[in-house]
Amino acid sequence: LGETEPVAACGPGGGVSAGDVHDYHLQNAPDPVRLYGYSAVLAAVRCQERLEDLQQQWMSADLPVLRCRVGIHCGCVLVGNYGCTEKMDYTIIGDPVNLASRLEGLNKKYGTTIMISEEVHDSPEVEETF
């Protein structure tokens with residue numbers, strides 16, 4: 001399993017993964033994505049489907065199983081390279097990031113793998129599809 005395989009499995013939804021061990025996946029940055037809520041949910045579902053396939057392979061080989069939880073929220077954030085010449089990081093900052101992180105954490109409590117905010121759920125393309 002290559003380091004980028006889980007991200008590549010998400011399909012052509014656009015976006016960039018950043019942070020240590022892909023802490024977050026940005027939709028609509030650096031390039032605009034028209035249906036960013038739908039794209040984010042679709043990417044999460046595809047990643048979970050691919051992870052299920054990998055989990056079966058790992059269990060068959062008596063390897064540890066990796067679990068992944070996802071929280072999705074949309075909002076205005078600051079995105080870009082932050083830091084100084086000695087230490088630079090492409091990151092995202094803002095309240096919507098914190099809410100997505102809290103949604104991700106709630107998955108553990110409810111035994112789920114993907115949790116989206118009401119704002120994402122209420123977008124027409126997400127509500128009609130999922």
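**Exercise 1.** In which helix does E119 lie? Then list the residues of the negative surface patch and the helices that supply them.

*Solution.* The model is a predicted one.
Step 1: E119 lies in helix α4.
Step 2: E119 gathers with E118, D122, E127 and E128 in a patch of negative charge on the surface.
Step 3: Two helices, α4 (118–121) and α5 (124–129), each supply at least two residues of this negative patch.

**Exercise 2.** Determine whether V120 is buried or exposed, and find its contacts beyond its sequence neighbours.

*Solution.*
Step 1: V120 has its place in helix α4.
Step 2: The relative accessibility of V120 is 1%. Buried means under 20% relative accessible area, so V120 counts as buried.
Step 3: With neighbours within four places in sequence left aside, V120 is in contact with G37, V41, I72, H73, C74 and V126.
Step 4: For V120 and G37, the separation in sequence is 83 residues, while the C-alpha to C-alpha distance is 5.7 Å.

**Exercise 3.** Identify the residues of the nonpolar surface patch, then place Y82 in the secondary structure and classify its exposure.

*Solution.*
Step 1: L78, Y82 and I93 make a nonpolar surface patch of about 270 Å².
Step 2: Y82 is found in strand β4, which covers residues 78–83.
Step 3: Y82 has a relative accessible area of 32%. Patches are made of residues with over 30% relative accessible area, and the value of 32% for Y82 meets that cut-off.
Step 4: Partly exposed covers the range between under 20% (buried) and over 50% (exposed), so Y82, at 32%, is partly exposed.

Terms used:
Residues numbered from 1 in each chain as written. Predicted model: local features only at pLDDT ≥ 70, side-chain atom pairs only at ≥ 80, totals over all residues. Heavy atoms only, no water. Patch = residues over 30% accessible without salt bridge, like charges linked within 9 Å, V, L, I, M, F, W, Y side chains within 5 Å. Areas by Shrake-Rupley, 256 points an atom, 1.4 Å probe, with all protein chains shown as cover. Salt bridge = Lys/Arg side-chain N within 4 Å of Asp/Glu carboxyl O. Lys, Arg positive; Asp, Glu negative; His and termini not counted. Charge placed at Lys NZ, Arg CZ, Asp CG, Glu CD. Helix = DSSP H or I, 4+ residues; strand = E, 2+ residues; numbered from the N terminus. Buried < 20%, exposed > 50% of the residue type's maximum accessible area, 1.4 Å probe, protein only. Contact = heavy atoms within 4.5 Å.
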